[in-house]
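This briefing is for a reader new to the structure shown below. The points that follow are grouped by topic.

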Amino acid sequence: MTAFAADPAFDPGSLAVADWPLCQLRLQDDARFPWLILIPRVPGAVEIEDLSPGDRTRFLNEGLSAGRLIRRMGEALGRPVDKLNMAALGNVTAQLHLHVIGRRRDDPVWPDPVWGRGTAHRWTGSERDRLLALIRASSPDAGPD
């Protein structure tokens, strides 16, 4: 059996922060948006259908937990989230992953998608540290609300 490893393509733009029961949780290094990435620690998973039925449920529940965390991150930054976007695209990086992104009507690329729009702005040290503490203090809920 092959051990899990996140695709190295994630490393330049995101930071591994925590391991939830199924997924590695990463903070996207783009201060324009509160943005998390969930990568199931299932070797070889490319599509949601590659997960077992139980892991599919966990993946969705962890995505919902990440969405609640994104809203808390927006509040902590003084930029409450207007719209929560979730996407499992994988056109560039095939490894199964879920982007969970907080959007605001006044963000720099609204209403366009975030991919390929503008230049990422790295988190400042203090912002990153505050978000990392918030993320690390959180854990995924066992199930839906």
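In this predicted model, L38 stands opposite L98 in strand β5. The two strands involved, β3 and β5 (residues 98-103), run antiparallel and are joined by 4 bridges. The notes below begin with β3 and its partners, then turn to the nonpolar cores, the largest pocket and one residue of helix α2.

**Strand β3 and its partners**

- Strand β3 covers residues 35-40, and 6 of its 6 residues are buried, so the strand is largely enclosed by the rest of the structure.
- In a regular strand, side chains alternate between the two faces of the sheet.
- In β3, W35, I37 and I39 point one way, while L36, L38 and P40 point the other way.
- The residues on both sides of β3 are all buried.
- β3 also pairs with strand β2 (residues 23-28), in the antiparallel sense and over 5 bridges.
- Within that pairing, Q24 has I39 of β3 as its bridge partner.
- The connection from β2 to β3 is a hairpin of 6 residues.

**Nonpolar cores**

- The largest nonpolar core consists of 28 residues.
- The residues with the most contacts inside this core are L25, L27, L36, L38, F59, M73 and I135.
- At least two residues of this core come from each of β1 (14-19), β2, β3, α1 (53-76), β5 and α2.
- Helix α1 gives the largest share, 5 residues.
- F59 touches L22, C23, L38, P40, I48, L51, L96, H97 and L98, when residues up to four places away in sequence are not counted.
- Another core, of 8 residues, lies apart from the largest one and includes F33, I101, V109 and V114.

**The largest pocket**

- The largest pocket holds about 320 Å³ of space.
- It is lined by 15 residues, of which V92, T93, H97, H99 and W115 are the closest to its centre.
- By class, the lining has 7 nonpolar and 8 polar residues, with no charged residues.

**R130 in helix α2**

- R130 belongs to helix α2, which spans residues 125-136.
- The relative accessible area of R130 is 43%, a value between the limits of 20% for buried and 50% for exposed, so R130 is partly exposed.
- Setting aside neighbours within four places in sequence, R130 is in contact with A76 and L77.
- R130 and A76 are 54 residues apart in sequence, and their C-alpha atoms are 8.4 Å apart in space.

Terms used
Residues numbered from 1 in each chain as written. Predicted model: local features only at pLDDT ≥ 70, side-chain atom pairs only at ≥ 80, totals over all residues. Heavy atoms only, no water. 1 Å grid on protein atoms, 1.4 Å probe; cavity = no way out; pocket = protein on both sides within 12 Å on 5 of 7 lines; lining within 4 Å. Points joined across faces, edges and corners; volume = space filled by probe spheres on them. Nonpolar A, V, L, I, M, F, W, Y, C, P; charged D, E, K, R; others polar. Buried < 20%, exposed > 50% of the residue type's maximum accessible area, 1.4 Å probe, protein only. Pairing = 2+ DSSP bridges. Contact = heavy atoms within 4.5 Å. Core = buried A, V, L, I, M, F, W, Y, C linked by side-chain atoms within 4.5 Å.
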